[in-house]
Amino acid sequence: MPTISGTTAQDYVEQLCLTVQDFPRPGISFRDLTPVFSDGPAFRAVIDDLVKPFTGTFDLVAGIEARGFLLAAAVAYATGTGVLAVRKPGKLPRPVLSESYSLEYGEAKLEIHQDDVAPGTRVLVLDDVLATGGTLAAATALFESCGAEVVGCAVVLELTGLQGRLKVQQYPVHTVVAS
């Protein structure tokens, strides 16, 4: 494991995040945050950074499949709020709300149970990476469709060149590291 200099969430992410070329398809540079999440001090710093701008403003933390689950569970535990998983199709047993979106390399869909979020619930949406913005836009649309109030979005890494923030510009978006 590399020696880490500095102790901020940004330092940890910049030094531990790996780039994997041609994954999941040729031409895609996948940002692997696994080394950040597996380092205890780094993970704690990232969780603290993600929640800081939104402290006290949300009732529920939503994590987008799959790495967003890790972040949302940790933030919910740290803040004493509820947690909800935003899933890929076919994973939820009860009636769902669905939202389709485009990825940099295809199409996808996200789902939540129709009755998991009461109208007026204040939701913070978390994901690991903000790339083209489709995933966050689909997740926020799901919560808006059931009457929830999306208080913001937070991500560990934002790939600014892809301008994904534009798809969720109506919400406060917090990023630990922009590159």
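**Exercises on backbone geometry**

Ala66 is situated in the loop between β3 (60-64) and α4 (67-79). The model under study is predicted.

**Exercise 1.** Determine whether the peptide bond from Glu65 to Ala66 is cis or trans.

*Solution.* Step one: read omega for the bond from Glu65 to Ala66, which is near 0°. Step two: assign this peptide bond as cis. Step three: place Ala66 in the chain; this residue belongs to the loop that runs between β3 and α4.

**Exercise 2.** Classify the peptide bond from Phe23 to Pro24, and locate Pro24.

*Solution.* Step one: omega for the bond from Phe23 to Pro24 is near 5°. Step two: the bond is accordingly described as cis. Step three: Pro24 sits in the loop between β1 (18-21) and β2 (29-32).

**Exercise 3.** Describe the phi angle of Asp22, its location and its exposure.

*Solution.* Step one: phi of Asp22 is positive, at about 60°, although the residue is not a glycine. Step two: Asp22 is found in the loop between β1 and β2. Step three: the relative accessibility of Asp22 is 48%, so the residue counts as partly exposed.

**Exercise 4.** Describe Gln163 in the same three steps: phi, location and exposure.

*Solution.* Step one: Gln163, a residue other than glycine, has a positive phi near 55°. Step two: Gln163 lies in the loop between β8 (149-158) and β9 (173-178). Step three: the relative accessible area of Gln163 is 52%; exposed means over 50%, and Gln163 is therefore exposed.

How values were computed: Residues are numbered from 1 along each chain as its sequence is written. This is a predicted model: local features need pLDDT of at least 70, side-chain atom pairs count only at pLDDT 80 or more; totals for chains, interfaces and linings use all residues. Side-chain values use heavy atoms; hydrogens and water are left out. Helices (H or I, at least four residues) and strands (E, at least two) are DSSP runs, numbered from the N terminus. Buried means under 20% relative accessible area, exposed over 50%, partly exposed in between (1.4 Å probe, protein chains only).
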